[in-house]
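Work through the exercises below with the model open. Each task is followed by a stepwise solution.

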Amino acid sequence: MHFYREDLDVDLAELGVDGGRLDALVDDFRATLEKGELCGGSQVAVFRRGRCVLSAGGGWARERAQEAVTPETLVVLFSSTKGLAGLAMLMLYVRKAFHYDEPVIKYWPEFASVVPEKASITIRHVMCHRGGLPIGPRTLETEHWGDREATRRAMEEVRLRYTPGETNAYHPMNFGHLVNELMPVSYTHLRAHETAM
């Protein structure tokens, strides 16, 4: 099986990293990959004080094409970032940047401009996947995900599938786009409040 470990120009001792522990991690990672207990292809990276101290990977990025995983292979993360986004929002909540029961439109007035019924969606609804807009719109293709204006506009245009707050419906794609808009405006609101004090 294809496997790599990058040679990194980093002083592990200076960063307080035990090279032996990294070696053991790589050995376990490789053995698990070779047993088929991970996806067909996987990568691992470890950072310490902002510096990459380990970069390894192996297996197939595309098995049928026999395309091996390399350090340049992009891997889709999807929902693994939802916990981090939720934690960031919690940190803003603790600092009183917003309240969970406030409507999204308090921080993003255009959110309900196309679909007025979305005015009842609260930040709590978004964070609990009860906003009523778990998927769509179809116009938001993957090539637009890096275009903040396109994703903002798509979230303003997306139609409700459920009444906000009444149904649990995992928002696999829209959660990140919604939080991406709420987080910076909440932070800006917090900074303005702190400056005024």
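**Exercise 1. Write down the order of helices and strands along the chain.**

Solution. The coordinates come from a predicted model.
- Step 1: count the elements. The chain holds 5 helices and 4 strands.
- Step 2: read along the sequence. The pattern is β-α-β-β-β-α-α-α-α.

**Exercise 2. Set the chain's radius of gyration against that of a compact globule.**

Solution.
- Step 1: take the reference. For 197 residues, a compact globule would have a radius of gyration near 16 Å.
- Step 2: take the model. The chain has 21 Å.
- Step 3: look at the extents. Along the principal axes, the C-alpha atoms fill a box of roughly 55 × 50 × 25 Å.
- Step 4: add burial. Of the 197 residues, 34% are buried, where buried means under 20% relative accessible area.

**Exercise 3. Check the span of α1, then find which of its residues are buried.**

Solution.
- Step 1: span. Helix α1 covers residues 19-34, 16 residues in total. From first C-alpha to last it reaches 22 Å, close to the 22 Å expected at 1.5 Å a residue.
- Step 2: burial. L22, V26, F29 and L33 are the buried residues of α1.
- Step 3: direction. Seen down the helix axis, these buried residues fall within an arc of 65°, so they line one face of α1.
- Step 4: the other face. Turned away from the buried side are the exposed residues R21, D27 and D28.

**Exercise 4. Repeat the analysis for α2, and look at what follows the helix.**

Solution.
- Step 1: span. The 13 residues of α2 should span 18 Å at 1.5 Å a residue. Its end C-alpha atoms are 18 Å apart, which agrees.
- Step 2: burial. K82, A85, G86, M89 and L92 are buried in α2.
- Step 3: direction. They cover an arc of only 120° around the axis, so they sit on the same side of α2.
- Step 4: the face turned away. It carries the exposed residues G83, L84, M91 and V94.
- Step 5: past the end. K96 follows α2 and has a positive phi, near 65°.

**Exercise 5. Describe the largest pocket: volume, lining and contributing elements.**

Solution.
- Step 1: volume. The largest pocket encloses about 440 Å³ of space.
- Step 2: lining. It has 18 lining residues, and T81, W145, M173, G176 and H177 are the closest to its centre.
- Step 3: elements. Two or more lining residues come from each of α2 (82-94) and α5 (174-196). The largest share, 6 residues, belongs to α5.
- Step 4: class. The lining has 10 nonpolar, 7 polar and 1 charged residues.

**Exercise 6. Do the same for the second largest pocket.**

Solution.
- Step 1: volume. It is about 250 Å³.
- Step 2: lining. There are 14 lining residues; G41, A61, T73, L74 and V75 lie nearest the centre.
- Step 3: elements. The strands β2 (41-48) and β3 (51-62) each supply at least two lining residues.
- Step 4: class. The count is 8 nonpolar, 4 polar and 2 charged residues.

**Exercise 7. Where is R138, and is R138 buried or exposed?**

Solution.
- Step 1: place. R138 lies in the loop between α3 (123-127) and α4 (148-157).
- Step 2: accessibility. The relative accessibility of R138 is 80%. Exposed means over 50%, so R138 counts as exposed.
- Step 3: a distance. R138 and A154 are 16 residues apart in sequence, with their C-alpha atoms 8.9 Å apart in space.

Terms used. Residues numbered from 1 in each chain as written. Predicted model: local features only at pLDDT ≥ 70, side-chain atom pairs only at ≥ 80, totals over all residues. Heavy atoms only, no water. 1 Å grid on protein atoms, 1.4 Å probe; cavity = no way out; pocket = protein on both sides within 12 Å on 5 of 7 lines; lining within 4 Å. Points joined across faces, edges and corners; volume = space filled by probe spheres on them. Nonpolar A, V, L, I, M, F, W, Y, C, P; charged D, E, K, R; others polar. Expected span 1.5 Å × (residues − 1). Buried < 20%, exposed > 50% of the residue type's maximum accessible area, 1.4 Å probe, protein only. Arc of directions from axis to C-beta. Rg over C-alpha atoms; globule rule 2.2 N^0.38 Å.
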